[in-house]
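This briefing is meant to be read with the sequence and the 3D view open. Please look at both before going through the points.

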Amino acid sequence: LAEKFYQLELKRRGLDKPFIIRCFIYLRDALTLDLGRALQMTSDTGSRLVKLIILERLPQTVMLFTTVTIINFFINLFLGLYLARHYGSKLDKLFIALAPTSTVPGWFYGIFLILIFYTWLHILPPGGLVDIPPPEDPIMYGLSVLKHMILPLSAWIISNFFLGCYSSRTFFLIFSTEDYVEAARAKGVPPRQIEFRYILRPSLPPIITNLALTLIASWTGAIITERIFNWPGLGSVLYQAITVADVPVVVGVVVIYAYLLVATILILDIIY
């Protein structure tokens with residue numbers, strides 16, 4: 001009886017087929033987001049489909065980490081240009097000195113922000129997506145979500161602030177020493193035009209690459225940050241899946257990230 005059950009289970013899982021055939025089957029399933037069923041976890045609607053478990057939590061993760069990635073991008077871009085323009089100033093030296101503080105992860109700053117703004121000042125919520133009970137008015141609901149996003153956003157902005165600006169400033173300084181920049185200065189091209197046409201434009205490929213890869217990586221969630229702020233995103237799902245050893249959910253998240261990474265690299269090639 002045990003042998004019969006074993007053979008039936010092999011057939012049900014498709015493990016009786018050759019390895020090459022199974023590879024194409026897995027590829028087809030991944031392309032169609034047929035990621036199987038979770039062993040223990042369920043989605044918010046009670047489904048065990050891995051696809052639904054992931055897709056229900058993905059929007060919250062994208063909303064939070066896409067926002068912070070875009071904010072960091074523009075902060076690093078404009079402050080980096082400013083620091084490159086004022087190379088050697090006291091502010092430039094301050095950013096160089098404080099750049100190592102960005103090695104501290106965002107969740108570490110998040111703990112202190114919760115202590116300050118929730119425990120001591122009582123002005124911001126410590127976590128969650130929305131107030132409980134959630135406001136019925138859509139505008140008030142959106143404002144409640146924004147209020148809950150302030151602390152995790154701030155934690156990640158602080159974490160990336162000095163090193164991000166320093167890295168952008170370094171790229172701009174490298175390109176500002178090129179011969180064509182010196183030739184443009186000799187021809188009397190206005191400084192702003194030199195900055196945007198001769199320095200910013202050629203330095204954008206590595207900056208855009210870093211933005212795109214950071215953005216895609218953030219879409220898988222930040223496990224510790226989401227746990228600290230009780231943010232119902234993909235990082236929390238991945239943490240729960242690892243905790244209960246729900247392998248299909250973990251594999252599903254990895255597969256989604258792999259396809260997003262391939263799509264991002266393809267789009268970057270087209271942009272280049």
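The points below go from the overall fold to the cores and then to single residues.

The model is a predicted one. The protein has 11 helices and 0 strands. Its radius of gyration is 24 Å, well over the 19 Å that the globule rule gives for 272 residues, so the protein is more spread out than a compact globule.

**Overall fold and surface**

- Along the principal axes, the C-alpha trace spans about 85 × 55 × 35 Å.
- Of the 272 residues, 37% count as buried.
- Taking contacts between residues at least 6 apart in sequence, 67% join residues that are at least 24 apart.
- The accessible surface of the protein is about 16,100 Å², and carbon and sulfur atoms account for 70% of that area.
- The protein carries 22 positive and 18 negative charges, and the mean positions of these two sets lie 3 Å apart.

**Nonpolar cores**

- In soluble globular proteins, nonpolar side chains tend to be buried together.
- In this model the largest nonpolar core holds 16 residues, and Met-41, Ile-54 and Val-249 have the most contacts inside it.
- Two or more residues of this core come from each of helix H3 (50-85), helix H10 (234-243) and helix H11 (247-271).
- Beyond its neighbours within four places in sequence, Ile-54 is in contact with Leu-35, Leu-234, Val-249, Gly-252, Val-253 and Ile-256.
- A second core, separate from the largest one, has 15 residues, among them Ala-84, Phe-175, Ile-194 and Ile-199.

**Two buried residues in helices**

- Asp-92 is located in helix H4 (residues 90-98).
- Is Asp-92 buried or exposed? Its relative accessibility is 2%, under the 20% cut-off, so Asp-92 counts as buried.
- Leaving out residues up to four places away in sequence, Asp-92 touches Leu-83, His-86, Tyr-87 and Arg-169.
- Gly-106 belongs to helix H5 (residues 106-120), and with a relative accessible area of 9% Gly-106 is buried as well.
- The residues that Gly-106 touches, apart from those up to four places away in sequence, are Ala-155, Trp-156 and Ser-159.
- Gly-106 and Ile-174 are 68 residues apart along the chain, and 29 Å separates their C-alpha atoms.

**Backbone geometry in the loops**

- Most residues other than glycine have a negative phi, and most peptide bonds are trans.
- The peptide bond between Ile-132 and Pro-133 is cis, with omega about -5°.
- Pro-133 is placed in the loop between H5 and helix H6 (138-176).
- Asn-230 is not a glycine, yet its phi is positive, at about 50°.
- The loop between helix H9 (223-228) and H10 contains Asn-230.
- Is Asn-230 buried or exposed? At 54% relative accessibility, which is over the 50% cut-off, Asn-230 counts as exposed.
- Ala-245, also a residue other than glycine, has a positive phi near 55°.
- Ala-245 sits in the loop between H10 and H11, and both of these helices give two or more residues to the largest core.

Definitions and conventions:
Residues are numbered from 1 along each chain as its sequence is written. This is a predicted model: local features need pLDDT of at least 70, side-chain atom pairs count only at pLDDT 80 or more; totals for chains, interfaces and linings use all residues. Side-chain values use heavy atoms; hydrogens and water are left out. Helices (H or I, at least four residues) and strands (E, at least two) are DSSP runs, numbered from the N terminus. The radius of gyration is taken over C-alpha atoms; the globule rule is 2.2 Å times the number of residues to the power 0.38. Buried means under 20% relative accessible area, exposed over 50%, partly exposed in between (1.4 Å probe, protein chains only). Contact means heavy atoms within 4.5 Å. Accessible areas come from the Shrake-Rupley method with a 1.4 Å probe; for residues, only the protein chains shown count as cover. Lys and Arg count as positive and Asp and Glu as negative; His and the chain ends are not counted. The place of a charge is taken as NZ of Lys, CZ of Arg, CG of Asp or CD of Glu. A nonpolar core is a set of buried Ala, Val, Leu, Ile, Met, Phe, Trp, Tyr and Cys residues joined through side-chain atoms within 4.5 Å.
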